[in-house]
Amino acid sequence: MLDTLLPILLFSALALAAIGAVRRVRLWRQGRPSSVPVIKGLMQVPRRYLVDLHHVVERDKYISHTHVATAGGFVLAALLAIVVHGFGLNSTILAWVLLAATISMFIGSLLVAKRRSPPPSRLSKGPWMRLPKSLMAFSIGMFVVTLPTAGILPEGIFQSGVGWIAAFVLAAIIVWGLGEMFFGMTWGGPMKHAFAGALHLAFHRRPERFSDGTGGEHRSTGLKALALDDDSAKLGVEKPADFTWNQLLGFDACVQCGRCEAMCPAFAAGQPLNPKKLIQDMVVGMAGGSDAHYYGSPYPGKPVGEHAGTPQGPIVNRAGGALVDAETLWSCTTCRACVEECPMMIEHVDAIVDMRRFLTLEHGNTPNKGAEVLDNLIATDNPGGFDPDSRLHWAADLNLPLMADKRAAEVLLWLGDGVFDMRNQRTLRAFISVLRAANVDFAVLGTEERDSGDVARRLGDEATFQSLAKRNIKTLAQYRFSRIVTCDPHSFHVLKNEYGELGTPETPANYHVQHHSTYINELVVAGKLTFKAWKGGSVTYHDPCYLGRYNGEYEAPRDVLRALGIEVKEMARSGYRSRCCGGGGGAPITDIPGKQRIPDMRMEDVSETGADLVAVGCPQCTAMLEGVVEPRADIKDIAELVADALIIKTPDEKATQSKAAPTVSRTAEEVMP
């Protein structure tokens, strides 16, 4: 009986899965066109799955082992089940391999069951709670039905008497397993991510995120520019169908593991944002319906069941009743913790900024001080609305060299809009003293420098960002320099990763940009700086999001601190899992309230280390952390710590040093091509 019934069940499930796949693809294709290399992408899925995706999964060893046992066992078992039982290839060897695959899958299902007994709060419940049982049903059913083929049970054991009853029971179990594993994979359910996820890896919006087999770290974090000169192009994303089709595919690949939720600073602070819920809302909008069947954590303060949408309906409705409330989008600090943690490599931040762009550019709907800041950027080239000619007033006594006078220098020091902030002026003064102590050939743009445009872009004002960026690119094209160095990770990021797309053959914008901690570390390694022994208290280091997660720089700041004789007391959340200070993405400007403040939570992380001082490398981080009420640890930029420890050498000592070691800086003539 089973010999006849099993092929029918297998191929019926495959046929239904194929129908579901066509239906699913049609849902994705509602999105805007996006050109992808189809064959090349599909061929790269194994590497992207086994290397890039598994690299993220492996951060949680328990889940990594579960994933290998379950996913590996299922893929092999499914393929062999089709060959052995579907096509009737009675190979003892293949049958034994199939048994091994089902055993692996069964062990994985036990690990899944243990993980969900009881499930952590970040995991979705509802249909997901049946996943362990479905995995067990498929693995047990295929294991037992394969025993005769492997020669362990006699042939025909399921053809009479008790065997018929066992056969019906087995058939029911197999139908259950096939329904979840095959049918549910394309029609919706806990296994949906297996189908959508594989295609998402093949046609990812950022293929440059994946390794190519040559080794090294692969990062793609710059926002993609809007075609503002194309009158037919939508300014941002108004409705689900405005996303590109492979963005919709990426949303559909979400496994609802909640790792993004667990790392999101806005969610932890009780602001109305949950990145997992946001992605699921986009899936709801893509298919049409409401969020009533969402079984995960809601947006803080917003019950499930209040939001609904359609592919062609607005995502945000200012009168309410749409997929997402505007304040959910404005709660994001763009810290990228969600993207860093996502095992399916979904781009949450891209989606949020795309939706912000529509609200800002089409409706001018930027909350709180957002509109004022954008108006200031347009009128005065800085977010505070200060007189542009006052950009160097703080440095009147420093006699800073200007690029307009020098025309060329080894280092172009990008000051950023911290020049208008008295606290950040101390950091800039400290760094300038470091450059001079190391005899670095540097210069500044002075009043020619404009805001980098980071805040405008994160607030969704792509037009103002591109205007500022193009003016800066035009200014930079007039001068010769080897590198740009800045104390601001946000300026560092846009200059390094987002200006290049706006350059032209006449004015290219591919610069060698460094954060000041990286450059200071180079000076230290080259022997250009000498320090007094550290006599301060214990120190911890806070990783800025735009330096760490966005650009992968974690070690240089720590190397500088170690060179000062400081032993860094690491916070529980540091490195790529560092908690955001709350200052990115325009969050202090939009100022969406929550149950607590993000910088307060970060200072609690500091308190747990017992450190007396927090070393930072970002003016936004400095401002946010210093805004925490005392008593708290002191806050100092790395440049300030280095400047305080400098041993300033006499001209004779510098001359002796320059003969003993090669110099880092070069003359203006050497910089000229």
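A residue is called buried here when its relative accessible area is under 20%, exposed when that area is over 50%, and partly exposed in between. This is a predicted model, and the briefing below uses those terms to describe two of its helices, a nonpolar surface patch and two individual residues. In helix 1, the residues that count as buried are L2, L6, P7, L9, L10, A13, A17, G20, A21, R24, L27 and W28.

**Helix 1 and the nonpolar patch**

- Helix 1 covers residues 2-28, and because each residue is expected to add 1.5 Å, its 27 residues should span 39 Å, which agrees with the 38 Å between its end C-alpha atoms.
- On the surface, L16, I19, F183 and W187 together form a nonpolar patch whose accessible area comes to about 340 Å².
- At least two residues of this patch are supplied by helix 1, and at least two by helix 7, which runs through residues 162-187.
- L16, one of the patch residues, lies in helix 1 and counts as partly exposed because its relative accessibility is 38%, a value that falls between the 20% and 50% limits.

**Helix 27 and its surroundings**

- Seven of the eight residues of helix 27, which spans residues 638-645, are buried, and the helix is therefore largely enclosed by the rest of the structure.
- The buried residues of this helix are I638, A639, E640, L641, V642, A643 and A645.
- These buried residues pack against three helices and three strands, namely helix 18 (422-437), helix 22 (516-525) and helix 23 (555-563), together with strand 7 (539-541), strand 8 (613-616) and strand 9 (634-637).
- Where helix 27 starts, the backbone nitrogen of A639 has a side-chain oxygen of D637 within 2.8 Å.

**N521 in helix 22**

- Helix 22, one of the elements against which the buried residues of helix 27 pack, also contains N521.
- N521 has a relative accessible area of 15% and is therefore buried.
- When its neighbours within four places in sequence are left aside, N521 is in contact with A556, D559 and V560.

**R471 in helix 20**

- R471 belongs to helix 20, which is made up of residues 462-476, and with a relative accessible area of 37% this arginine is partly exposed.
- Apart from neighbours within four places in sequence, R471 is in contact with D381 and R450, and its side chain makes a polar contact of 3.0 Å with the side chain of D381.
- Between R471 and K595 there is a separation of 124 residues in sequence and, from C-alpha to C-alpha, of 41 Å in space.

Definitions and conventions
Residues are numbered from 1 along each chain as its sequence is written. This is a predicted model: local features need pLDDT of at least 70, side-chain atom pairs count only at pLDDT 80 or more; totals for chains, interfaces and linings use all residues. Side-chain values use heavy atoms; hydrogens and water are left out. Buried means under 20% relative accessible area, exposed over 50%, partly exposed in between (1.4 Å probe, protein chains only). Helices (H or I, at least four residues) and strands (E, at least two) are DSSP runs, numbered from the N terminus. Contact means heavy atoms within 4.5 Å. A polar contact is a pair of N or O atoms within 3.5 Å; within protein, one must be able to donate a hydrogen and the other to accept it, and residues adjacent in sequence count only if both atoms are side-chain atoms. Patches are made of residues with over 30% relative accessible area and no salt bridge: like charges are joined within 9 Å, nonpolar side chains (Val, Leu, Ile, Met, Phe, Trp, Tyr) within 5 Å. Accessible areas come from the Shrake-Rupley method with a 1.4 Å probe; for residues, only the protein chains shown count as cover. A salt bridge is a side-chain nitrogen of Lys or Arg within 4 Å of a carboxyl oxygen of Asp or Glu. The expected span of a helix is 1.5 Å times one less than its number of residues.
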